[in-house]
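Thanks for making time, everyone. I'd like to walk you through one chain this morning, so let me put it up on the screen.

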Amino acid sequence: MRAKGKIRGWTLAAAALALAGCGSLIPGGSSGAAPGNASQSARAPARPAVPVASAPQSYAPRAEDASCLADLGASGARFDPLPDTYAAPGCNKLGTVQLMALAGDRAPLTLSNMGPVRCSVAKAFGDWARFGVDRAARQLLGSPVAKIETMGSYACRNVAGSERRSAHARAEAIDVSAFVLADGRRIVLKRDWDGGDAATREFLRVVHKSACKRFGTVLGPEYNAAHEDHFHLEGAGAKFCR
Ligand SMILES: [Zn+2]
């Protein structure tokens with residue numbers, strides 16, 4: 001099952017795919033791969049950026065990433081592991097994957113606009129999609145979810161209006177903007193959070209609440225105008241749910 005998600009992904013083919021995939025999402029492109037050092041299990045800040053010229057040609061996962069990738073594969077997600085990359089100060093992709101699909105109870109959920117995302121965030125996203133979103137859609141709207149539309153994951157940028165790097169700069173957040181049901185209905189956050197029928201509005205509030213159980217930080221339309229059209233789902237850090 002989903003052999004692509006296993007360690008086999010650490011091939012030059014995966015690296016090539018990774019670089020191809022990055023191009024569409026990173027303004028200015030990524031500035032070179034700096035693959036992880038398998039002998040070093042420390043978290044990202046302990047690892048110095050490796051100049052492109054000295055980057056080795058293998059992508060052995062750190063132990064924590066290998067364990068996450070195994071869990072993600074077991075969840076039924078389809079993905080390719082990506083090589084570690086340092087794009088700019090404060091911007092990196094370490095232990096990330098390119099997600100193609102997530103497991104629903106009965107059928108896979110496809111995704112749109114996803115870029116690289118940290119494995120731990122991908123895992124939380126997969127669990128939320130299946131146990132939070134897909135099941136809520138069946139219960140409240142009478143149809144499973146076929147697709148989750150996003151506004152991306154990795155972006156080398158600051159939090160709007162601040163000097164602080166966004167979690168998106170570390171590929172640790174996903175912005176979700178809409179859900180497409182198997183029966184063809186499309187639920188759009190911007191339109192339906194307040195403007196949908198009662199069941200649709202309840203569905204959006206239920207999936208927002210369930211996201212708060214699985215992610216560190218969740219921001220939605222009630223937080224501020226910048227989030228009126230998406231849920232910001234961020235993996236790490238203290239619990240914050242608005
Ligand atoms: Zn966001």
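I'll start with the whole chain, then go to the pocket, and then stop at a few residues.

So, first thing to keep in mind: this is a predicted model. The protein chain has 5 helices and 12 strands. Of its 242 residues, 49% are buried. On the outside, the chain exposes about 10,800 Å², and carbon and sulfur atoms supply 54% of that. If you take the contacts between residues at least 6 apart in sequence, 59% of them join residues at least 24 apart.

Okay, the pocket. The largest pocket holds about 390 Å³ of space. It has 20 lining residues, and the closest to its centre are V159, S166, L219, H227 and H232. Which strands each supply at least two residues of that lining? Those would be β10, residues 217–219, and β11, residues 231–234. As for chemistry, the lining divides into 7 nonpolar, 7 polar and 6 charged residues.

Let's stay with H227, since we've just met it among the residues closest to the pocket centre. H227 sits in the loop between β10 and β11. Is H227 buried or exposed? Its relative accessible area is 11%, under the 20% cut-off, so H227 counts as buried. Setting aside residues up to four places away in sequence, H227 touches L219, G220, P221 and H232. Two of those names, L219 and H232, were also on the list for the pocket centre. There's a polar contact here as well: the side chain of H227 meets the side chain of N224 at 2.7 Å. And if you look across to K190, that residue is 37 positions from H227 in sequence, with 8.8 Å from C-alpha to C-alpha.

Next, A211, over in helix α5, which covers residues 198–214. A211 is buried, with a relative accessible area of 0%. What does A211 contact, leaving aside its neighbours within four places in sequence? The answer is W128, V218 and L233. V218 falls within the 217–219 range of β10, and L233 within the 231–234 range of β11. So that you can find your way on the screen, look for V133 too: it is 78 residues from A211 along the chain, and the two C-alpha atoms are separated by 8.9 Å.

Now over to strand β8, residues 173–181, where you'll find S177. S177 has a relative accessible area of 14%, and that makes it buried. Beyond its neighbours within four places in sequence, S177 is in contact with E149, T150 and M151, with I187, V188 and L189, and with D229 and H230.

Last stop, Q98, in strand β4, residues 96–103. Q98 is buried too, at a relative accessible area of 13%. Where does the polar end of its side chain go? A polar atom of the Q98 side chain lies 2.9 Å from the backbone oxygen of M114. M114 also appears in the contact list for Q98, which leaves out residues up to four places away in sequence: R78, F79, D80, L82, M114, G115 and P116.

That's the tour. Happy to rotate the view if anyone wants another look.

Terms used
Residues numbered from 1 in each chain as written. Predicted model: local features only at pLDDT ≥ 70, side-chain atom pairs only at ≥ 80, totals over all residues. Heavy atoms only, no water. Helix = DSSP H or I, 4+ residues; strand = E, 2+ residues; numbered from the N terminus. Buried < 20%, exposed > 50% of the residue type's maximum accessible area, 1.4 Å probe, protein only. Polar contact = N/O pair within 3.5 Å; in protein donor to acceptor, adjacent residues only side chain to side chain. Contact = heavy atoms within 4.5 Å. Areas by Shrake-Rupley, 256 points an atom, 1.4 Å probe, with all protein chains shown as cover. 1 Å grid on protein atoms, 1.4 Å probe; cavity = no way out; pocket = protein on both sides within 12 Å on 5 of 7 lines; lining within 4 Å. Points joined across faces, edges and corners; volume = space filled by probe spheres on them. Nonpolar A, V, L, I, M, F, W, Y, C, P; charged D, E, K, R; others polar.
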